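Let's take a walk through this protein and the molecule it holds. Have the sequence and the 3D view ready as you read.

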Amino acid sequence: MFLTLTVNDGSEEAVRDLLTGMSGFTRSVAFREPDEHLLCVVGIGSHLWDRLFPNLPKPRGLHPFEEIKGDKHTAVSTPGDLLIHLRSGRLDMCFELARLLGKKFEGHAEIIDEVHGFKFFDERDLLGFVDGTENPEGDKAEDAVTIGEEDAAYAGGSYVIVQKYLHDMAGWDALSVEEQEDAIGRSKLDDVEMDDDAKPANAHIKLNVIHDADGKQLQIMRDNMPFGSVGEREFGTYFIGYAKDPSVTEHMLRNMFIGDPPGTYDRILDFSTPQTGALYFVPSVDFLDDPTPRG
Ligand code: HEM
């Protein structure tokens with residue numbers, strides 16, 4: 001579950017207090033069903049950070065998400081003071097914690113967006129492709145997402161960028177499987193990457209594989225979830241990308257929306273429109289429990 005909240009004026013102290021209680025609230029629900037691995041991640045937006053912690057240094061990468069306007073598609077920037085990302089093998093675990101948090105935050109913050117994601121067959125998204133295959137694992141994942149000595153005061157934290165996308169399923173379904181595979185850059189049925197010389201310049205994975213000056217691949221950790229409502233004809237992907245440096249995700253987004261080279265924007269955007277866009281600092285549990293910088 002993904003909850004986006006805005007914090008009411010005057011509720012800064014109450015919210016600071018509530019944040020120090022987040023680990024405890026999570027334990028209250030998680031402890032009863034340990035096998036369901038309930039996790040709660042909290043992200044703090046740039047404006048809220050300035051209100052909550054005016055006397056602390058700002059985490060280096062924390063700033064409001066800036067809109068990215070391409071020739072055809074725009075990555076919008078939308079409000080959000082807090083992001084609460086709840087994960088578990090079972091929705092009732094997430095729902096119970098969300099209910100508890102809803103009560104605690106009542107009168108102090110408004111939940112302005114709530115998405116209940118679900119796992120879809122084979123780890124696929126609603127476009128029908130396996131999503132998450134090339135996520136880093138183990139030490140590589142930890143290295144991709146965890147702030148280290150470069151910002152010692154906030155070591156152990158991370159950054160997260162979220163975008164709630166809605167898909168034009170009729171348009172997508174009108175493409176042949178080959179055209180869909182060209183849009184992603186992998187085969188649909190068996191999820192195999194296309195050869196480099198066969199991959200179109202506007203394929204999703206062509207634009208999202210990026211490198212630093214030394215040729216090392218820059219990675220993020222995605223935890224995208226499908227969501228939707230059949231009655232509302234709403235079919236979506238909640239994009240969520242964690243990184244120790246949010247400029248990596250921003251670079252990928254510029255590639256997708258503007259193109260690399262400019263003009264070669266990501267083909268999946270012709271069938272996927274972001275309704276939201278926001279960036280948050282994700283403090284370590286130690287910082288949440290006791291908000292003083294380390295290091
Ligand atoms: C790869 C779907 C948005 C970054 C993929 C793959 C799929 C996919 C199917 C291939 C399998 C895999 O490795 O996971 C989607 C959908 C999106 C979306 C449906 C939203 C509508 C984004 C955004 C970003 C992003 C906004 C970055 C800001 C990546 C990266 C890869 C990837 C880094 C792996 C590239 C590689 O190493 O091969 N995505 N994606 N995706 N996507 Fe997305």
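A polar contact here is a pair of N or O atoms within 3.5 Å. Keep that cut-off in mind, and remember that this is a predicted model.

**Around the ligand**

Let's start with R222: one of its polar side-chain atoms lies 2.8 Å from an oxygen atom of the ligand, so the pair falls within the 3.5 Å cut-off. Two other residues offer backbone atoms instead, G132 and E134. Here they are together:

| Residue | Part of the residue | Distance to a ligand oxygen atom |
|---|---|---|
| G132 | backbone N or O atom | 2.5 Å |
| E134 | polar backbone atom | 2.9 Å |
| R222 | polar side-chain atom | 2.8 Å |

Where does the ligand sit? You'll find it in the second largest pocket. Four elements each give two or more residues to the shell around it: β7 (158–167), α8 (204–208), β12 (234–243) and α9. In total, 27 residues surround the ligand, and the closest are G132, T133, E134, H204 and R222. Sort the shell by residue type and you get eleven nonpolar, eleven polar and five charged residues.

**Helix α9**

Which element gives the largest share of that shell? That's α9, with four residues. This helix covers residues 246–257, twelve in number, and spans 16 Å from its first C-alpha to its last, close to the 16 Å expected. Is α9 mostly covered or mostly open? Mostly covered: nine of its twelve residues are buried, among them P246, M252, L253 and F257. After the helix comes G259, which has a positive phi, near 105°.

**Two charged residues to compare**

Now find D191, in the loop between α7 (177–184) and α8. Its relative accessible area is 13%, and because buried means under 20%, D191 counts as buried. Its side chain makes a polar contact of 2.7 Å with the side chain of T133, and T133 is one of the residues closest to the ligand.

R32 lies in another loop, the one between α2 (22–30) and β2 (39–44). Is R32 buried or exposed? Its relative accessible area is 56%, and exposed means over 50%, so R32 is exposed. The side chain of R32 still has a partner, as it reaches the backbone oxygen of S28 at 3.1 Å. For a sense of scale, try R32 and E179: they are 147 residues apart in sequence and 47 Å apart in space, C-alpha to C-alpha.

Definitions and conventions:
Residues are numbered from 1 along each chain as its sequence is written. This is a predicted model: local features need pLDDT of at least 70, side-chain atom pairs count only at pLDDT 80 or more; totals for chains, interfaces and linings use all residues. Side-chain values use heavy atoms; hydrogens and water are left out. The expected span of a helix is 1.5 Å times one less than its number of residues. Buried means under 20% relative accessible area, exposed over 50%, partly exposed in between (1.4 Å probe, protein chains only). A residue is near a molecule or strand if one of its heavy atoms lies within 4 Å of it. A polar contact is a pair of N or O atoms within 3.5 Å; within protein, one must be able to donate a hydrogen and the other to accept it, and residues adjacent in sequence count only if both atoms are side-chain atoms. On a 1 Å grid over the protein atoms alone, a cavity is a set of points where a 1.4 Å probe fits but cannot get out, and a pocket is an open set with protein on both sides within 12 Å along at least five of seven lines; lining residues have an atom within 4 Å of a point. A molecule sits in a cavity or pocket if more than half of its atoms lie within 2 Å of its grid points. Ala, Val, Leu, Ile, Met, Phe, Trp, Tyr, Cys and Pro count as nonpolar, Asp, Glu, Lys and Arg as charged, and the others, Gly among them, as polar.
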